[in-house]
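Please work through the following exercises with the sequence and the 3D structure at hand. Each exercise gives a task, and a solution follows step by step.

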Amino acid sequence: MCTAMKFNQCVLQDTPGSHNENRVWKWHIQDPASQRLTWNKPPKSVLVIKKIRDASLLQPFKELCIFLTEVKNMIVYVEKKVLEDPAISGDENFGAITKKFCTFREDLDDISNRVDFIICLGGDGTLLYASSLFQESVPPVMAFHLGSLGFLTPFKFDTYQSQVTQIIEGNAAIVLRSRLKVRVMKENWEKKARVDEKGIILTNGDIESSRKAMQYQVLNEVVVDRGPSSYLSNVDLFLDGHLITTVQGDGVIVSTPTGSTAYAVAAGASMIHPNVPAIMITPICPHSLSFRPIVVPAGVELKIMLSCDARNTAWVSFDGRKRQEICHGDSITITTSCFPVPSICFRDPVNDWFESLAQCLHWNVRKKQNYLSSEDEEF
């Protein structure tokens, strides 16, 4: 798969008169609608992601899989735990179809080079889950709105056959949703065992430290909060190695433009179109009247650490998952990932986004002001 797209460029152009002194720089701004899905060769395999044990999705899931295998002759990948659902494993009529599936297990099987595109059935969480399965390049994702909110799922399932056919033919616009590359360094303090003269192991020896690194790809946001503690969160925030502020409050959200319409907007942040290259920093209930959300350029490196005088530890989660405790000496490094999520559009990136704002968040919904007649103007 490849995407045809323009980039922002600064080009030196000649103006009428054609002398060097008449040459000027002009910006060519990328048109979001220019990002198109094109296939180097026809897609042969598809990953179908379904919300686990959701009875309302059983019939759409079965219909889609039958269509993909029987009509489109595609190789269908399905997570093993999806097929362990009694409502699916106990269906004898559907059993002949499931035998044709290729199965995998999260965190155990690597399918990154086997899948041409992804179809999600459910809500926004299915798209976030699809992103978490791919730590590098992500296949294009087609998301059907079969969940509760559906901000990231623009397709309706009623006409799935014609819509899936269009995708297979490469007739679609896409939006490249940037992700965050997050690296967590954990400072592990362990006691060094000592052995006495009789060979008995003693555990009250010297303390040694070792560092453990974990890496994540995050589509929505990284949330650092105070966890179960009643004390304020107290974490230092660095940008490109420079301390810019200390967050004192319930925590801080570092989000992508895609995540700006999730937890961040509930915490008072602005909503940013996913085509804008940026990282958002939003405090959660800061104990300061002047701490406002800010937007920094994509590509900067952020680092979050517990302040040396913090009264308690902090907790961090990544798109609402992998929650873990952050202690003194630990660090969280965040920057823009080189591996975005190509999200297939129903129409185009701009119209889809404003449609989601209106339908899901009821953006700027207000009763219309009454018309003022000429007689009313006199009073």
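Is Lys-322 buried, partly exposed or exposed, and what is its relative accessible area?

**Solution.** The model is predicted, so local features need pLDDT of at least 70 and side-chain atom pairs count only at pLDDT 80 or more, while totals for chains, interfaces and linings use all residues. Residues are numbered from 1 along each chain as its sequence is written, and side-chain values use heavy atoms, with hydrogens and water left out. Buried means under 20% relative accessible area, exposed means over 50%, and partly exposed lies in between (1.4 Å probe, protein chains only). With a relative accessible area of 38%, Lys-322 is therefore partly exposed. Lys-322 is placed in strand E23, residues 321-326, where helices (H or I, at least four residues) and strands (E, at least two) are DSSP runs numbered from the N terminus. The phi of Lys-322 is near 55 degrees, a positive value in a residue other than glycine. Most residues other than glycine have a negative phi.

**Exercise 2. Describe the protein chain as a whole, beginning with its secondary structure.**

**Solution.** The secondary structure comes to nine helices and 25 strands. The protein chain has 379 residues, of which 45% count as buried. Contact means heavy atoms within 4.5 Å, and among the contacts with a separation of 6 or more, 69% are made by residues 24 or more positions apart.

**Exercise 3. Compare the span of helix H8 with the expected value, and find where its buried residues lie.**

**Solution.** The expected span of a helix is 1.5 Å times one less than its number of residues. For the twelve residues of H8, 349-360, this gives 16 Å, and the end C-alpha atoms are 16 Å apart, which agrees. The buried residues of H8 are Pro-349, Asp-352, Trp-353, Ser-356, Leu-357 and Cys-360. Seen down the axis of H8, these buried residues fall within an arc of 135 degrees, so they line one face of the helix; the arc is that of the directions from the helix axis to the C-beta atoms. An α-helix has 3.6 residues a turn, so residues three or four places apart point the same way. The buried residues of H8 pack against strand E10, 174-177. At the start of H8, a side-chain oxygen of Asp-348 comes within 3.0 Å of the backbone nitrogen of Val-350. After H8 comes His-362, with a positive phi near 50 degrees. Asn-364, in the loop between H8 and helix H9 (374-377), has a positive phi near 55 degrees, and at 65% relative accessibility Asn-364 counts as exposed.

**Exercise 4. Follow the aromatic pairs that involve helix H1.**

**Solution.** Rings of Phe, Tyr and Trp (its six-membered ring) pair if their centres lie within 6.5 Å; planes under 30 degrees apart count as stacked, over 60 as edge-to-face and the rest as tilted. The structure holds eleven aromatic pairs. One of them joins Phe-61 and Phe-94, which are 6.1 Å apart centre to centre with 65 degrees between the planes, an edge-to-face arrangement. Because Phe-61 lies in helix H1 (residues 58-71) and Phe-94 in helix H4 (residues 92-98), the pair ties together parts that are 33 residues apart in sequence. Phe-61 is buried, with a relative accessible area of 0%, and Phe-94 also counts as buried, at 3%. The rings of Phe-67 and Tyr-160 have centres 5.7 Å apart and planes at 90 degrees, so this pair is edge-to-face. Phe-67 in helix H1 and Tyr-160 in helix H6 (residues 160-168) are 93 residues apart, and the pair links distant parts of the chain. Ring pairs join Phe-67 and Tyr-160 with Phe-144, Phe-155, Phe-157 and Phe-346 into a cluster.

**Exercise 5. Determine the setting of two loop residues, Asp-158 and Ser-337.**

**Solution.** Asp-158 is placed in the loop between strand E9 (141-145) and H6, and at 75% relative accessibility Asp-158 counts as exposed. The C-alpha atoms of Asp-158 and Pro-60 are separated by 9.5 Å, although these residues are 98 residues apart along the chain. Ser-337 lies in the loop between strand E24 (331-336) and strand E25 (341-344), and at 10% relative accessibility Ser-337 counts as buried. Not counting residues up to four places away in sequence, Ser-337 touches Arg-179, Leu-180, Lys-181 and Gln-217.

Technical notes. A polar contact is a pair of N or O atoms within 3.5 Å; within protein, one must be able to donate a hydrogen and the other to accept it, and residues adjacent in sequence count only if both atoms are side-chain atoms.
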